[in-house]
Amino acid sequence: MFSSISNYCSPKKVLASYLSKSLAEFFCVDPERVETNLIHDAKVVLNEIEIKQRRIGGLLVSGVVNQIEFSWVWDAASLITDVTLTIKGVSIYLNIVNEEDAGETKSPETKQPSEFAESS
């Protein structure tokens, strides 16, 4: 009986759900892509996080972060020390939108990072 409950209420799933909801304003985080190891490695890793699209003036900004890792060290008094946040592989996409298209965000032209290098 308790084993079936623990499948739905594991600390990993609770933490993954909490992180997904906490970051939802800026990122699309799939709870299934959250890796945790709270005892041995003392870290939480988020993989392939989509940056939510935002309009800033005449630009639509979106992107992807390959990995965010939050790690720490447990000391002898069971306190958390040496906290580290590592962000790897950020890709930002900018779309120029005309003022007439202010209400629409359907299909602006998107340049991938490799295209910027080629057009310079």
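These legends accompany several close-up views of a predicted model.

**View 1. The whole chain, to get your bearings.** Three helices and five strands make up the secondary structure of the protein chain. Following the sequence, you will meet them in the pattern α-α-β-β-β-β-β-α. Of the 120 residues in the protein chain, 22% are buried. The accessible surface of the protein chain comes to about 8800 Å², and carbon and sulfur atoms account for 57% of that surface. Take the contacts between residues at least 6 apart in sequence: 39% of them join residues at least 24 apart.

**View 2. Helix α2 and its two faces.** Here we look at helix α2, which covers residues 11–22. How far apart should the ends of its twelve residues be? At 1.5 Å a residue, the expected span is 16 Å, and the end C-alpha atoms of α2 are indeed 16 Å apart, so the two values agree. The buried residues of α2 are Ala 16, Leu 19 and Ser 20. Seen down the helix axis, these buried residues fall within an arc of 100°, so they line one face of α2. They pack against two strands, β2 (34–37) and β3 (43–56). The face of α2 turned away from this buried side carries the exposed residues Pro 11, Tyr 18 and Lys 21.

**View 3. A nonpolar patch on the surface.** Twelve names are worth finding in this view: Ile 56, Leu 59, Phe 70, Trp 74, Ile 80, Val 83, Leu 85, Ile 87, Val 90, Ile 92, Leu 94 and Ile 96 form a nonpolar patch. Together these residues have about 1100 Å² of accessible area. Two elements each give two or more residues to the patch, namely β4 (59–74) and β5 (80–96). Which of the elements supplies the largest share of the patch? That is β5, with eight residues. One member of the patch, Leu 59, lies in strand β4. Leu 59 counts as partly exposed because its relative accessibility is 31%.

**View 4. Ser 62 and the residues around it.** Moving along β4, we come to Ser 62, which is also placed in this strand. Is Ser 62 buried or exposed? With a relative accessible area of 15%, Ser 62 is buried, since the cut-off for buried is under 20%. Setting aside neighbours within four places in sequence, Ser 62 is in contact with Ile 51, Lys 52, Gln 53, Ser 91, Ile 92 and Tyr 93. One of these contacts, Ile 92, is also a member of the nonpolar patch in View 3.

**View 5. Val 97 in its loop.** Val 97 sits in the loop between β5 and α3 (113–119). Its relative accessible area is 8%, and Val 97 is therefore buried. Look for Ile 56 as well: Val 97 and Ile 56 are 41 residues apart along the chain, and their C-alpha atoms are separated by 9.9 Å. Ile 56 belongs to the nonpolar patch on the surface.

**View 6. Two positive phi angles in strands.** If you check backbone torsions, two residues deserve a look. Glu 48 has a positive phi of about 50° although it is not a glycine, and it is found in strand β3. Asp 82 likewise has a positive phi of about 50° and is not a glycine. Asp 82 lies in strand β5. With a relative accessible area of 57%, Asp 82 is exposed.

Notes:
Residues are numbered from 1 along each chain as its sequence is written. This is a predicted model: local features need pLDDT of at least 70, side-chain atom pairs count only at pLDDT 80 or more; totals for chains, interfaces and linings use all residues. Side-chain values use heavy atoms; hydrogens and water are left out. Patches are made of residues with over 30% relative accessible area and no salt bridge: like charges are joined within 9 Å, nonpolar side chains (Val, Leu, Ile, Met, Phe, Trp, Tyr) within 5 Å. Accessible areas come from the Shrake-Rupley method with a 1.4 Å probe; for residues, only the protein chains shown count as cover. A salt bridge is a side-chain nitrogen of Lys or Arg within 4 Å of a carboxyl oxygen of Asp or Glu. Helices (H or I, at least four residues) and strands (E, at least two) are DSSP runs, numbered from the N terminus. Buried means under 20% relative accessible area, exposed over 50%, partly exposed in between (1.4 Å probe, protein chains only). The expected span of a helix is 1.5 Å times one less than its number of residues. The arc is that of the directions from the helix axis to the C-beta atoms. Contact means heavy atoms within 4.5 Å.
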